[in-house]
Amino acid sequence: MELSQPGPGLWQLFRIWAGIGLQSFGGGASTIYLIYHTFVDQRGWLTPDEYNRDWNLCIMAPGINLIALTILIGRKLGGARGVAVSLLGLLLPSAAITCILTVGFLHVQDIPAVQAMLRGVIPATAGVMLVVGIKYAQPLYRELKAEGKLKLGTGLGIIVLVTLAIVLWQIAIPFVLIGTALLSILLFNRLLPQPAPAPASTEKKPDREEKQGRAVEEAHD
Amino acid sequence: MINPLLYFFLFVKASLFSSGGLTNLPSLHQDLLAESWAVEADFGQSLAIGQISPGPNGLWVISLGYLTYGLPGAVLALIAITIPPFLVLPIAAIYDRIAKLGWVSAVMRGISLAVIGILISVSWTILTRSNLDWRSVVIAVGACGLMLTNRVNLLVILVLAAGAGYLLYGF
């Protein structure tokens, strides 16, 4: 955990995270890139391995993965105060701009031309969201496909079930998630055949996780 | 009349049971509409503003907070989305012990599959609740196609969509 380069001061940490937040337009892929570039390539405060491990942890945490990553890196570089300034830096300037844009929108929303443009942008966000889902699904698809048709079919079945549960049956999301988790334990861990434990399985595993982590990076947030 | 505590709690809950910045939408959609604290249009608008704004995509809820409850709503939303990711700290502390357990990877796989289903239902909800017609389907499919090429910046896609909206709906 020892830093290979001298660590940053709190004010410097704040400015770095503010810069990352304000420069990341168009979703998480650019933010992820900026974080990696800044902390691993430029400053050398994190090794690529530390970064990958941190990112894998963040995928497991609830909510916005980028905030979890900010917490982990902030803690590593400045303890509790590091977490605080990193979060303030990432979130406050960007949140302020989001508010200002919203206020601006409220002022112009009654103009017919703005209404028309918005009617174009809203279905586009639906399309974008679908692509986020597709990219998120890709590593999982490859993984399940490698484990056989039965697992792949089970995976697809779960996706369909979740979609129906939300859209058609209007089941509350916490119950959908808890139900899916229990169903997955039952199906993947109990009923369906387990992947044969190859001798090299202990070495294989981090590799697989890393790949999934990277692919998710591209799709997420 | 909005109850600030419950409002805050609903945002925390949505974020706690989400993975990534957009998957808290269905939960907020269900809860805020049930309380009549938001109208359908608020969701599409705040998502669109969130895509245009800098920072993580998840900040769209700040816009939703502002649209539904003004500045207090934006502040409550910001605090609410910051809390659940802190669970990464206990996860980090036990990760080495739990990562190899079979049921943990099964749960993670289940959550990932659910996230895909949630994103599909979010797209579906946005599309069907916003005056669905052939024009919106064309725009959604076009945006989807452009995104899949991986060559067009998201902001460019949104500007194109705004232009298409102006041409298709503006006259």
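At what angle do helix α1 (residues 10-23) of chain A and helix α4 (residues 65-108) of chain A pack? The legends below start with that view and then move on to the meeting of the two chains; please keep in mind that this is a predicted model.

**View 1. Helices α1 and α4 of chain A pack against each other.** Here you can follow α1(A), residues 10-23, where it packs with α4(A), residues 65-108. The angle between them is about 45°, and their axes lie 7 Å apart. Oblique angles are those that fall outside the roughly parallel (under 35 degrees), roughly antiparallel (over 145) and roughly perpendicular (65 to 115) ranges, and α1(A) and α4(A) are therefore oblique to each other. The crossing of α1(A) past α4(A) is right-handed. Sorted by class, the residues of this contact are 14 nonpolar, six polar and one charged.

**View 2. Chain B is built with eight helices and zero strands.** Let us turn to the partner chain. Walking along its sequence, you meet the pattern α-α-α-α-α-α-α-α. Taken along the principal axes, the box filled by the C-alpha atoms of chain B is roughly 60 × 45 × 25 Å.

**View 3. Chain A and chain B meet in an interface that buries about 8300 Å².** The size of an interface is often given as the accessible area lost when the parts come together. Of the area buried between chain A and chain B, 77% is on carbon and sulfur atoms. On the chain A side, 93 residues take part in the contact, and they face 94 residues of chain B. The two chains also share two salt bridges.

**View 4. Helix α6 of chain A crosses helix α6 of chain B.** This view brings together residues 149-167 of chain A and residues 102-129 of chain B. Their axes come within 8 Å and cross at roughly 45°, so α6(A) and α6(B) are oblique to each other. The crossing of this pair is right-handed. From α6(A), the contributing residues include A:Lys151, A:Gly155, A:Ile158 and A:Val162. Among those they meet in α6(B) are B:Arg109, B:Leu113, B:Gly117 and B:Trp124. The contact of α6(A) with α6(B) counts 11 nonpolar, four polar and two charged residues.

**View 5. A salt bridge joins B:Arg109 to A:Glu143.** Which residue of chain A does B:Arg109 form a salt bridge with, and how far apart are the closest N and O atoms? The partner is A:Glu143, and those closest atoms are 2.6 Å apart. You may recognise B:Arg109 from the previous view, where it is one of the α6(B) residues in the contact with α6(A).

Technical notes: Residues are numbered from 1 along each chain as its sequence is written. Chains are lettered from A and ligands numbered from 1 in the order in which they are written. This is a predicted model: local features need pLDDT of at least 70, side-chain atom pairs count only at pLDDT 80 or more; totals for chains, interfaces and linings use all residues. Side-chain values use heavy atoms; hydrogens and water are left out. Axes are lines fitted to C-alpha atoms, for helices over the stretch in contact, and angles run from 0 to 180 degrees between N-to-C directions. Helices (H or I, at least four residues) and strands (E, at least two) are DSSP runs, numbered from the N terminus. A crossing is left-handed if the near helix is turned anticlockwise from the far one by less than a right angle, and right-handed if clockwise. Ala, Val, Leu, Ile, Met, Phe, Trp, Tyr, Cys and Pro count as nonpolar, Asp, Glu, Lys and Arg as charged, and the others, Gly among them, as polar. Contact means heavy atoms within 4.5 Å. Buried area is the accessible area (1.4 Å probe) that two parts lose on being put together, summed over both. A salt bridge is a side-chain nitrogen of Lys or Arg within 4 Å of a carboxyl oxygen of Asp or Glu.
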